[in-house]
Amino acid sequence: MSNLTQEQIKVLEQSRQRLVQLTRSLGSLIASLNQSDPLPPWTSLQSQASIISNNLISVSDQLSDQRDLLSNLVAYPGPEYPGRTQANTLEQLLRTKLDPRVEDWVARGRAAGTEPATGPSSNFSDPDAVHKPLSDAQLTQLWEWAPLEANQEARRRNWGGNFTLEEREAGIENVVTGLRRQLEDDDGEEEEEEEEEEESEGEEGDGEGMDVVGVHRKPGAAEFEFNIAPHHPHPVQPFVPLDLILRHMTTGRMP
Amino acid sequence: MHEQSLFASVPVHQHHELLQQLAGLTAMQPRHCLERRLIFKAYRKPGMAGRTGASQDLQQGDLQRLNKMLNGNMYYTQVVGPVSESDFGSTAPVDQDTQMAGMDDSKPYGSSSSPSYDYERQPWKLEFRDIPEAGTRSAVTSRLMSSATLPRGDVVQAMNAWGYNFVTEYVVEGDMFIHNDIAIFLHRVLHYPGGDELSLPRRQLPALKDMTLFEKSGSYVLQAFIIVQDGSNQETMKTASQHLFGLREQLKSAVLLEQADRLSLDTRAK
Amino acid sequence: MADSFTLPLRPIPEKRDRPDTLPVEIAQINNQWGSFREVNEDVLRNKIAEEEEKDGLDEVDERDQDATDLDSTERLEQLYKRRAEITQFAMQAHMETMFALDFVSLLLSKQAPRQAETSLSAFLKQVAPLGSLNSEVVNPPPKPESTTKDVSAVSRGWRIQNFNAAANKLLQAASRLETEVAAETRYWNEVLTVKDKGWKVSRLPLERQSLGVQYGFLESAPVFRDRGLASLRRAEDGALSLDEGLIPAKARFVRVRVIQDGRLSGCSKPTRSSFNGDGTIEDRILQARDTVYEDELFHELVREARAIASFGVTTRQNLIQIPASDDLEILLDLVDTDEDVSEPEHCISQQGTSIAEGLARTIRILLAYAHRQNLRRRTQLPLPLTPKTRPVPEHQLIRPALAYIKHMSHVRWLQSLLKDLYGVLHSASLRPPAYTARIFSTRIQSQTSPAPAVENLVGQFLTPLLSTFNGKILTPRASFSIAIHTNLSSPPFGTTFDVSFNMPKYPDIESPGKLSHREEVEAAITHLLLLDVVFTISANSSLKSECNEDQAKRTWESIYPQHGELLIPTPKPNSEKRKKMKIALSRHELSLEIYTVRCIDGTGRGNWEKPSYHSMPHTWKPSPIVGAPNQPSLMDFVSTEVSRL
């Protein structure tokens, strides 16, 4: 008989719950793929992908956080298990060998991680230079620095406004837009929105913060349409309705 | 003749923009119009108009038409006279006879060097409109109409002789656009200052800036209309309303052109 | 998972109709409309209407793009392939997590069967009873260092690769944006340049996503008016190009050729030389504008030419032939601007060239004038609608020019006729006062017309043309006047000469009135001058012999002034011989014959007249040589004849 502590059971229960979420999110992706032709809206695909990715992260976190317990826990069929008839299922449940494709994926990662890194090829200014792979320490340093820096950079941009930060700093009245209508400087609104967003999403660390970019970008073609009857800042509605005006014009009668 | 119209109320803040939109649509500059409109009301069934002495200046054709359109029911009818901006707030001409004698008939006012307004030379047109046709055959205001040129100057006497009393008068200011066979008139009503109703048309016009708005917010009425020669020709009547609907579609994002309330255009005198 | 599983940063093109997720939508609405409070039903309705309008047009755009991109079916095929891949990966992943979940659930079902049961798969529930998996915490030997190292190598490898991939994507997106921004900047700058030059730039009415430039003429006939708009397309690199649709890019112009005496004597030049493909956008717009104007011009010329076929104007395919006057013929055709003018140049005369150029300019000015008249017409209150459509009248392009040429030709002819006649008279030393000619004396309308001055100016050209000639002649208080009217715009068409005489000495002479043939005019004028000469002789010949009492009565008397015949009555009482003089006047010469007739009163004529003495006819002609020996003057000659009796 096993003697799992309540604490350990709780860990397993947590793992189970996270797996439930992951399974569900994958299930819903499959369902939405099946239901739409040819594809679901890209925004929906993207948000599903990010949900799956979050769930995956949470499973992965759990696995690494509870590594001590989970690597020391062994599972074996009890006498109640119908081993004779359901051997295949048991094998499937207790399998530790990786799926061939995953094996392949691991191998490629191993290759990339151990061989001297071939380096990102295309986007550096001089491709001739042979890049020395960074040392583990350097990598760690880079990876600690990069997310914060990237997020900061992202926050310094105004992703949805009519003016860039540079333009605003130089004074928006100097910007030559070539437009006759006045562009509103929506800085104020922007900040409000950002706040709302952050409230709703919650600050969940660096990975989450990156989403600032994704949510704000929405260049609908409709935005470029001129409004033929735009809102007037000071609308004045007539006091006398049309039919009374016409009546007055016809008979001279005062309303 | 028949007049088919669509109407819209245009709030004053939209006026400037609508002018530009109409100028763009019709590819023409707005033609500014000022009109005196005198309202007359029948007090008896008119008899033969030709017997009165006041109508001797009328052309025979006009006379017949007048008789035809004034006989029958008792109606409100309008006498419309074009005026120019310089007529407002100006004095009567000093020497009427010599100054006016040589003038071309088509330009009765405003061409002398100092602005003056001569009521005796004011051209007038009698504009008759029947109550719009009942029934909703099509969604436009369709009414029998007729117009005739009247002798210049004082029309009250002639109108009295036809059985019409002067009721009131006002001024219409606005801009006219032409879009193919549609006339588009964006206008509003101005009242004379002082308000007190005179029993006769004015012989002098006050300064334009002293005129008061009938509709206090300053809103405008947009009327788009087509005149059809023969109202009994269904084909032409249909063409006309289709043209008006076309215009309504083109303008729908700016204004909503609609059929007017029939009773608001009721010209019958009770 | 394979690294090919990436989500594109770029939106997939087929996204348009799909709703956005709610938060995004809300953010967008806030951006676009301000607060929700300002959104009302009308605004939304308008919006929907606009969207609907736009829908049809987007379709066009997308098709255009696809054409340059991938073939659409190929693209769709690829899309479905990718979709299948995504689905397959998702299913695989789903299965794997299901196994894991089943395993954990079954494991837990011993301790917490209620929760665990909820996440067990139906299949496993069926085959394995709850709690059938035992677990135990053991203390396994520590994993070898190599395993840990291997795991971290794999993880580092993937991290590096993924970061690289992400960085690449970002950089690609950035450089794509950069080129896009550069292209857009270039495009808009060029659009602005066009606009700054004063061209009207607007969105296209039927393709509201595109910009267009309006270079055409609003008052042209609809088919040409609608051609006056071309879209300003953006090339891949942002360069602006003018898309004129179906219009031939070739620049054409209406060529005017003048044929004099059957030979080409003048030819108009194109207003603008064409460029060879590398012109600026401005050049292209100008060329497009010119071409549409020239096309319309020729179209209207052909229309008018057909209407005035009664003037002898003929139209063939792409050629209008106009017999203008005498030996002058005008040819109009529409040719490419760069067409090689291979006509022989030697016949080209300055006069022919100036007629051709003048005419070329005239018809263009008149078309512009017609445009203005169109504007005037279409902005008048429309006439009541009737079932009949009113025909559009032909513009006046050829007629005024033709009237001018015809009128000018008649004026020149009359001037030369008068010059000849006066020359003949001068050669006989007769000195009639000079006549006055007022060419194109159409009265200037002094009315203060509301139309701009330039329109009044051109408008004058369309009114009937009038030139007047007035002159006094030798006979006291006698005069003539000739008015030449030319009118091709309204009936009666053509030219009339209104000739009137004032001849108090011959009150029964009537003015000829309106004449339409030159011969008639020549005859009438010559006749008048003949009468004048006859009267002058009869009035003046006696003066010379005034001193001679004897010869006081012997003067020339006109007997048949219409025939130029004069007679000296009764040289001697009872003598039957009388001296008779017959004068003939033509534009070439004045001739005079003197003979003696036997007749009681000398009035017998014709064959009964038997001249007994016949002088040689004496003629006066204008001398071609200046300072040629002077002939005796006519008056001297006739005086001598009187005294010789």
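**Exercise 1.** In this predicted model, find which residues C:I439 touches, not counting residues up to four places away in sequence, and decide whether C:I439 is buried, partly exposed or exposed.

*Solution.* Begin with the contacts: once residues up to four places away in sequence are set aside, C:I439 touches C:V411 and C:S467. Next, place the residue in its chain, where C:I439 sits in the loop between β11 (436–438) and α11 (453–462) of chain C. A further step compares sequence with space, and here C:I439 and C:L466 are 27 residues apart in sequence, while their C-alpha atoms are 7.3 Å apart. Finally, count the surroundings: C:I439 has 15 other C-beta atoms within 10 Å. A buried residue needs 20 or more such atoms and an exposed one has 12 or fewer, so C:I439 is partly exposed.

**Exercise 2.** Determine at what angle helix α8 (residues 281–307) and α9 of chain C pack, and which residues make the contact.

*Solution.* The axes of α8(C) and α9(C) are 11 Å apart, and the angle at which the two helices pack is about 90 degrees. Angles of 65 to 115 degrees count as roughly perpendicular, and therefore α8(C) is roughly perpendicular to α9(C). The contact is made on the side of α8(C) by C:L297, C:E300 and C:L301, and on the side of α9(C) by C:I363, C:R364 and C:L367. Looking at one of these residues in turn, C:I363 is in contact with C:L297, C:L301, C:L397 and C:A401, leaving aside its neighbours within four places in sequence.

**Exercise 3.** Describe the largest nonpolar core, and explain why it lies between two domains of chain C.

*Solution.* The largest nonpolar core has 47 residues, of which C:L301, C:L359, C:I363 and C:L402 touch the most other members. Helix α9 (residues 350–378) of chain C gives the largest share of this core, namely 9 residues. Because domain 2 (200–303 + 334–339 + 346–378) and domain 3 (400–443 + 457–644) of chain C both give residues to this core, it lies between them. Another core, of 42 residues, lies apart from it and includes C:I473, C:V533, C:V534 and C:L634.

**Exercise 4.** Find where in chain C the pLDDT stays under 50, and say how such stretches should be read.

*Solution.* As a starting point, chain C averages a pLDDT of 78, with 76% of the residues scoring at least 70. The pLDDT stays under 50 over residues 1–20 of chain C, for which the model has 22 contacts beyond four places in sequence. It is also below 50 over residues 543–549 of chain C, a stretch with 6 contacts in the model beyond near neighbours in sequence. Where pLDDT is low, the predicted coordinates should not be read in detail.

Terms used. Residues are numbered from 1 along each chain as its sequence is written. Chains are lettered from A and ligands numbered from 1 in the order in which they are written. This is a predicted model: local features need pLDDT of at least 70, side-chain atom pairs count only at pLDDT 80 or more; totals for chains, interfaces and linings use all residues. A nonpolar core is a set of buried Ala, Val, Leu, Ile, Met, Phe, Trp, Tyr and Cys residues joined through C-beta atoms within 7 Å. Helices (H or I, at least four residues) and strands (E, at least two) are DSSP runs, numbered from the N terminus. Domain bounds come from an automatic or database domain assignment. Two residues are in contact if their C-beta atoms, placed from the backbone, lie within 7 Å. pLDDT is the predictor's confidence in each residue, from 0 to 100. Axes are lines fitted to C-alpha atoms, for helices over the stretch in contact, and angles run from 0 to 180 degrees between N-to-C directions. Angles under 35 degrees count as roughly parallel, over 145 as roughly antiparallel, 65 to 115 as roughly perpendicular and the rest as oblique.
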